[in-house]
There are 2 protein chains.
Amino acid sequence: MQINFDRLKNDIEELGRIGRDPKGGVTRPSFSKADLEARAWLKEKIREAGLVYRVDGAGNIFGRLGECQGKTVMVGSHIDTVINGGMFDGSIGVLSGLECLRRILEEGYRLAKPVELASFTDEEGNLVGDFLGSRAFVGELNKDLLEKGLTSFGHPLKEILAGTEFTTESILEARKTAPEIEAYLELHIEQGPILETEDVPIGIVDLITGKHYRWCSFIGSASHSGTTPLELRQDAFLGLADFALKSTQYVATKYYGSMVTIGKVNVSPGAFSVVPGQADFSFEFRSGSKETMRSLESALFSLADDIASTRGLTFVSKIIDQTEPVKIPERLIKLLQEECRKLGHPFMPVTSGAGHDAQILASKTDVAMIFIPSPDGISHSPRETIRWEDLEKGANLLLQALLRLAS
Amino acid sequence: MQINFDRLKNDIEELGRIGRDPKGGVTRPSFSKADLEARAWLKEKIREAGLVYRVDGAGNIFGRLGECQGKTVMVGSHIDTVINGGMFDGSIGVLSGLECLRRILEEGYRLAKPVELASFTDEEGNLVGDFLGSRAFVGELNKDLLEKGLTSFGHPLKEILAGTEFTTESILEARKTAPEIEAYLELHIEQGPILETEDVPIGIVDLITGKHYRWCSFIGSASHSGTTPLELRQDAFLGLADFALKSTQYVATKYYGSMVTIGKVNVSPGAFSVVPGQADFSFEFRSGSKETMRSLESALFSLADDIASTRGLTFVSKIIDQTEPVKIPERLIKLLQEECRKLGHPFMPVTSGAGHDAQILASKTDVAMIFIPSPDGISHSPRETIRWEDLEKGANLLLQALLRLAS
């Protein structure tokens, strides 16, 4: 049995036209007008395929195959995007899953276990924190965050939900309708350069790194830049500059392979002639092991405190989000390797530096991921793309893995 | 002859109530509603005093005393403020000047030369560049800047002027109505901590430092923070961090007494999980000598280019504004010292790190400045204040200096 590649390609192109942004790429954050249109489109596709459509209280969309008993084998990803994102991130996972289930139905193949397609709400974290949908699904959401959280555009979540059939209560109830799961499979673009550099079409993920997000501030004292001698300044921005360089140097030398990033910066008051009194910034680090995550947390924030005290500043920070690293179970890695060998496709182990819904589902079941190459490593960008022949290989591997797990 | 201190204090308090900001301090940028109210208030005060009121095409307000021939002795400052600024910066210079002329009139004192009070438009640079009014007065304004320039709030200057009796043409014509000037005197708060630290009520300025403003960018490549290894990143923000620390270190060690400041920073795209592709920032340096200004310009931007090339980034910059350092003429310093001795007030020489209208007028005439202490060195802040007894001393010195120059 093989997927119908032309149909899959056509689906991806159709979905990719929903939410086209005049500024480039696709802009389809969860519960935006474009996302609601994409949801209606997906619902129709699930019904056309003959799968049982269901949506839970968090807006996660499901398409179920099989009346049989037992734990469910789940396949999925997400259809929301970042602002000016690409049309492949997430979508190829959902639509390859749909194609697999469609083929199984068409072939009349009898499975021993139920199989379900899942499309999770807001993987990209445009609402409140990343992975709202999959977190609701596994019951890991905090009521306070839902009630008080602001979306990345600064609106209360409730305001966004008002335009939908969902409420903070229904999101918290979503976990009650989740089936017991045998395993979760997700096909995704790599979003990094390794597979392309190695010229290998399939990556079998062995590890998804954990991440730690904080919103931090160095606080000093604003003063007139013409009259405050350099040695008397409490320049909050220089504190941040020092921390940016030293934290990067520290991770690069002591924890090679881990990541540290300052992506967002606000300096205030923010004028030519005023020494910055405050520098607010996002601080993120990622690593593949829980122990390293703990060590980094302790070392990096001690470093920030030291810099603050040396420079006469104050350092404060608030945890925004964190996810633990996930090791993919050996049995699923082996299964994917075996099926990939049977198909005759080259493959290699890869670590996922990006987070995925699979990481959240790992608290509930065994998960595995298949990556296909991202040309130039580009993702979250209008320039994100794939090679279609890689997708065909990845989707056929997904189909074979599903058949093995559900048989 | 002495100033009427109670009347001066009352004027300062009255003007200080115009443009009170609920967020603290005074917000009275030029041509704002509050500034228009303050202008009407000042016009009335000038007329009440019996001075000849005049406004030029740039909105500079004058109050003239004396029908006599010869070059004008001018005294002035500005009444506009920064956002959430203090009520003393600028205002005490204008209102002390007003008080001096009022006293001369009241005493029926016969002067040999005309004396004129000046209140210059937009010293604080909320419109297009600093010192719009005094630059128009000396004929140093660029038509292009007026036509295309955006205000610090992002509006075209023309939009702001639409609410006034002034136009870009009238601003360019202002220089034609400027009288020939014998000397320009300005009383101002120090905006720095030196006089208070030394416990001296009067500073006689010997030098106004020059400044150089650029808007700069390090440009790298935005990428996913989870999948782009540290050693493969072109992180524009780390380029800026490196430049901030090294440029500060360079100035502090090689040009002690000069200043360098990064006050405004925009990092884009600006998200937790995206390595910054671009870091835009304001870069300012100040120094007391023209030669040092040239050396700093060459050394600092070479440093920026070196950092960019080491880090795989591009560095670009655009000059926004520059003013040359001004040495106060010996004859005016001596005159102020002599009058201060006669009054029996302690004084000391000070350098002005901040820019002033006096600096602009220096291209047209001899200028001098009197500083009074700024408690805690605070200015451009709701916490800006003065000690009233210092002001009384400074205003009386201003009066004596005016009498000497105009006699």
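Which residue takes a positive phi just after α3(B)? B:Gly108 does, with a phi of about 65 degrees. This is a predicted model. In it, 44 residues of chain A are in contact with 44 residues of chain B, and a turn of 180 degrees with a shift of 0.1 Å along the axis lays chain A on chain B with an RMSD of 0.1 Å.

**Relation of the two chains**
- The turn and shift that lay chain A on chain B are the relation of a two-fold axis.
- In chain A, A:Ala241 has the C-alpha nearest the axis, at 2.1 Å from it.
- Of the interface residues of chain A, 100% are also interface residues in chain B, so the copies meet through the same surface.

**The side of chain A that touches chain B**
- Contacts link 44 residues of chain A with 44 residues of chain B.
- At least two residues of this side come from each of β7 (210–219), β8 (223–224), α9 (236–254), β9 (259–261), β10 (265–268), β11 (274–275) and β12 (278–287) of chain A.
- The element that gives the most is α9(A), with 9 residues.
- By class, this side of chain A has 19 nonpolar, 20 polar and 5 charged residues.

**Domains of chain A**
- The domain assignment of chain A gives domain 1 as 5–208 + 325–406 and domain 2 as 210–323.
- The C-alpha centres of domain 1 and domain 2 of chain A lie 34 Å apart.
- Between these domains of chain A, 8 residues of domain 1 are in contact with 11 residues of domain 2.
- On the side of domain 1 of chain A that touches domain 2, the residues divide into 2 nonpolar, 5 polar and 1 charged.

**Helix α1 of chain B**
- Helix α1 (residues 5–16) of chain B has 12 residues, which at 1.5 Å a residue should span 16 Å; its end C-alpha atoms are 16 Å apart, which agrees.
- Its buried residues are B:Leu8, B:Asp11, B:Ile12, B:Leu15 and B:Gly16.
- These buried residues cover an arc of only 130 degrees around the axis, which puts them on the same side of α1(B).
- They pack against α2 (33–49), α3 and α13 (388–406) of chain B.
- The face of α1(B) turned away from the buried side carries the exposed residues B:Asp6, B:Asn10 and B:Glu13.

**Helix α3 of chain B**
- The 17 residues of helix α3 (residues 91–107) of chain B should span 24 Å at 1.5 Å a residue, and the end C-alpha atoms are 24 Å apart, which agrees.
- Of the 17 residues of α3(B), 14 are buried, so this helix is largely enclosed by the rest of the structure.

Notes:
Residues numbered from 1 in each chain as written. Chains lettered and ligands numbered in written order. Predicted model: local features only at pLDDT ≥ 70, side-chain atom pairs only at ≥ 80, totals over all residues. Domains from an automatic or database assignment. Contact = placed C-beta atoms within 7 Å. Nonpolar A, V, L, I, M, F, W, Y, C, P; charged D, E, K, R; others polar. Least-squares fit on C-alpha atoms with pLDDT ≥ 70 in both. Helix = DSSP H or I, 4+ residues; strand = E, 2+ residues; numbered from the N terminus. Expected span 1.5 Å × (residues − 1). Buried ≥ 20, exposed ≤ 12 C-beta atoms within 10 Å, placed from the backbone. Arc of directions from axis to C-beta.
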